[in-house]
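Let's walk through this assembly together, beginning with how its parts are arranged and ending at the place where they touch.

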Protein chains: 2
Amino acid sequence: MAGGGGELVSNKQVIFRDYVNGFPKDSDMFLTSGNINLKVPEDSDGILVKNLYLSCDPYMRLLMNHIPSQSVFTAYTPGSPVTGLGVGKVLDSKHPDFQEGDLVWGTIGWEEFSLITTPQGFFKIQHTDVPLSYYTGILGMPGLTAYAGFYEVCAPKKGEYVFISAASGAVGQLVGQFAKLMGCYVVGSAGTPQKVDLLKNKFGFDEAFNYKEEPDLNAALKRYFSQGIDIYFENVRGKMLDAVLLNMRIHGRIAVCGMISQYNLGEPEGVCNLMSIIYKRVNIQGFVAAEYYHQFPKFLEVVLPYIRQGKITYVEDIVEGLENAPAALIGLFRGQNVGKQVVVVARD
Amino acid sequence: MAGGGGELVSNKQVIFRDYVNGFPKDSDMFLTSGNINLKVPEDSDGILVKNLYLSCDPYMRLLMNHIPSQSVFTAYTPGSPVTGLGVGKVLDSKHPDFQEGDLVWGTIGWEEFSLITTPQGFFKIQHTDVPLSYYTGILGMPGLTAYAGFYEVCAPKKGEYVFISAASGAVGQLVGQFAKLMGCYVVGSAGTPQKVDLLKNKFGFDEAFNYKEEPDLNAALKRYFSQGIDIYFENVRGKMLDAVLLNMRIHGRIAVCGMISQYNLGEPEGVCNLMSIIYKRVNIQGFVAAEYYHQFPKFLEVVLPYIRQGKITYVEDIVEGLENAPAALIGLFRGQNVGKQVVVVARD
């Protein structure tokens with residue numbers, strides 16, 4: 001790479017091999033090593049970032065498809081690095097908003113160093129008395145997803161009945177804790193006894209169950225929600241959404257930001273019980289965190305004190321080393337992560 | 001029937017024979033004749049109504065099921081008359097809000113005369129310069145469904161792209177005309193060339209198509225909505241909803257008050273393209289007109305002038321005679337009606 005006169009160093013990268021059908025495999029990505037100049041080129045107003053923490057998020061599976069179903073996202077380019085949200089340290093900047101030493105989060109490559117040519121979307125990290133990795137989770141996109149999804153989309157009221165699927169995940173564990181802080185009755189579902197235990201004993205859910213041990217999800221929901229469900233925070237879809245629809249209360253609300261059970265299916269499963277939408281006058285609202293980024297300062301003002309006071313806790317599943325990132329990402333779709341899946345590239 | 005001292009007259013009735021599976025048939029109802037005293041009993045504060053116009057509405061199919069899917073409705077009782085909305089004339093009243101000669105609409109039996117023991121839910125008809133049958137349609141529950149569903153639930157803006165299924169029906173034809181009055185681009189689908197012609201040439205839709213002639217609904221919608229759909233007024237579900245989901249614009253809204261294609265199915269069809277809800281941040285809102293009855297006076301203030309000025313037109317499919325009511329109701333589920341299906345029992 002020309003210009004800049006900086007140090008040329010080796011740059012390990014995780015490369016996206018080719019478009020994926022069905023469940024992604026280790027071999028859909030491979031590790032390689034290039035070189036990178038640690039100075040931003042003269043003709044760029046970008047930043048050069050040393051990557052510290054990578055975030056593994058379900059939406060990344062969608063970018064592995066040849067044609068993203070709706071072309072809202074841009075697919076990964078075969079032969080180029082996987083990209084995702086992450087935390088990094090600015091080594092060099094030609095952009096007025098950033099300077100050397102700044103900690104930032106935004107969309108980076110799965111590599112040791114990334115040249116970011118359009119850093120406008122990056123957030124500067126101001127608070128470092130909490131783990132830096134939190135900016136991939138509770139203080140990043142998943143945190144804002146939980147915050148905006150619960151407080152804005154679900155419009156919760158004290159005492160309401162709240163159900164959360166994938167409840168121990170990066171988003172679900174927060175939604176449940178927000179709901180408890182609001183005085184709601186909160187039940188979560190997850191896929192292992194360990195996760196169910198976390199929900200009840202670490203996150204303070206009122207009840208939790210292992211959906212894999214329930215032959216009849218409708219019956220399971222009726223057991224926990226004899227009065228029905230006011231708010232469903234949907235992270236999975238599949239059979240769970242159909243069962244939930246049968247158990248919604250009048251004027252119930254369903255916030256939809258993820259449907260992880262569908263991401264690896266060629267043809268999505270059908271949802272059958274939509275008549276309940278009329279019977280119960282249910283509202284279903286799809287949303288993405290990106291539309292709430294303007295609320296980020298307000299969000300931090302709410303969540304940082306909760307973290308510092310120990311009112312909210314956050315469980316991360318931290319994997320060491322860029323070379324282990326593909327397996328970590330793939331594990332997400334098998335439910336192998338316990339809590340927010342993070343990959344450490346470097347600690348500073 | 002004892003008491004009251006009134007005239008005992010014969011009362012033809014349409015009786016619901018037994019719970020229905022699949023499409024209802026003529027033989028699921030039968031005609032009989034009883035006697036009725038035309039005076040309200042002394043110990044009642046009810047009203048005695050001579051029935052004039054009966055309304056055939058899709059929701060009535062749901063009341064023919066043994067267990068209404070969600071027990072929000074009360075099923076018909078085998079051996080008792082079919083009930084539905086209708087217009088009648090008060091022959092006798094022991095209720096302070098009603099007096100002899102009043103015209104009313106509300107839930108009546110499919111019979112010549114009905115004793116209404118709890119007339120609290122009845123509306124008094126004040127405006128008779130329009131056809132009385134309109135109170136089963138444009139000025140009754142379907143009209144309020146269209147009005148509240150479009151203006152309140154869909155929150156339309158001038159210039160938006162609006163799609164309506166079952167568009168020539170009791171509700172759809174009004175939604176389309178409301179949308180045109182608001183300055184929207186409006187396309188409707190229907191199931192015969194005659195209905196498509198009505199949509200374009202009588203109701204002033206910008207475009208209309210016969211969904212039965214479209215092998216690929218997604219392609220049909222793309223033809224009419226190159227920019228996508230802002231508002232979908234859902235009356236049918238089935239494959240149409242899946243195709244619509246693929247064509248929604250960002251922040252699109254789907255108002256759901258009916259899913260007629262599903263009412264006669266043992267198992268509802270699956271809806272597969274719900275991922276679009278996230279991609280396009282779509283809102284789906286179920287609603288029923290009953291929740292908007294408090295807006296009825298405001299609704300009349302808007303719609304009556306439109307009718308009188310000829311700005312809104314309304315097509316009815318009027319069948320003569322109580323004995324033809326079962327066939328009229330059944331025809332609704334085959335799309336045999338053209339416009340609002342009404343049955344005349346008597347004209348005054």
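Contact here means heavy atoms within 4.5 Å. Keep that cut-off in mind, as it decides which residues belong to the interface. What you have on screen is a predicted model.

With that settled, start with the overall arrangement. Two copies of a chain are related by a rotation about an axis and a shift along it. In this model, chain A lands on chain B after a rotation of 180° with 0.0 Å of shift along the axis, and the superposition has an RMSD of 0.0 Å. The two copies are thus related as by a two-fold rotation axis. If you would like a landmark for that axis, pick Gly270(A): among the residues of chain A, the C-alpha of Gly270(A) comes closest to the rotation axis, at 1.9 Å.

Now turn to the interface. By the contact rule, 37 residues of chain A touch 37 residues of chain B. Do the copies use the same surface or different ones? Because 100% of the interface residues of chain A are also interface residues in chain B, the copies meet through the same surface. Together, chain A and chain B bury an area of about 3,100 Å², and carbon and sulfur atoms give 61% of that area.

Next come the specific interactions. Between chain A and chain B, 13 residue pairs are in polar contact, counting pairs with both residues at pLDDT 80 or more. The interface also holds two salt bridges. In one of them, the side chain of Arg281(A) meets that of Glu291(B), at 2.4 Å from N to O.

Which elements of chain A supply at least two residues each to the side that touches chain B? They are β12 (248-256), α7 (275-279) and β13 (283-286). The largest share, five residues, comes from α7(A). Sorted by character, the residues on this side of chain A divide into 22 nonpolar, 10 polar and five charged.

Finally, follow β13 across the interface. β13(A) pairs with strand β13 (residues 283-286) of chain B in the antiparallel sense, over three bridges. To find your place in this pairing, look at Asn283(A), which stands opposite Gln285(B) in β13(B).

Notes. Residues are numbered from 1 along each chain as its sequence is written. Chains are lettered from A and ligands numbered from 1 in the order in which they are written. This is a predicted model: local features need pLDDT of at least 70, side-chain atom pairs count only at pLDDT 80 or more; totals for chains, interfaces and linings use all residues. Side-chain values use heavy atoms; hydrogens and water are left out. Copies are superposed by least squares on the C-alpha atoms of residues with pLDDT of at least 70 in both. Buried area is the accessible area (1.4 Å probe) that two parts lose on being put together, summed over both. A salt bridge is a side-chain nitrogen of Lys or Arg within 4 Å of a carboxyl oxygen of Asp or Glu. A polar contact is a pair of N or O atoms within 3.5 Å; within protein, one must be able to donate a hydrogen and the other to accept it, and residues adjacent in sequence count only if both atoms are side-chain atoms. Helices (H or I, at least four residues) and strands (E, at least two) are DSSP runs, numbered from the N terminus. Ala, Val, Leu, Ile, Met, Phe, Trp, Tyr, Cys and Pro count as nonpolar, Asp, Glu, Lys and Arg as charged, and the others, Gly among them, as polar. Two strands pair if DSSP finds at least two bridges between them.
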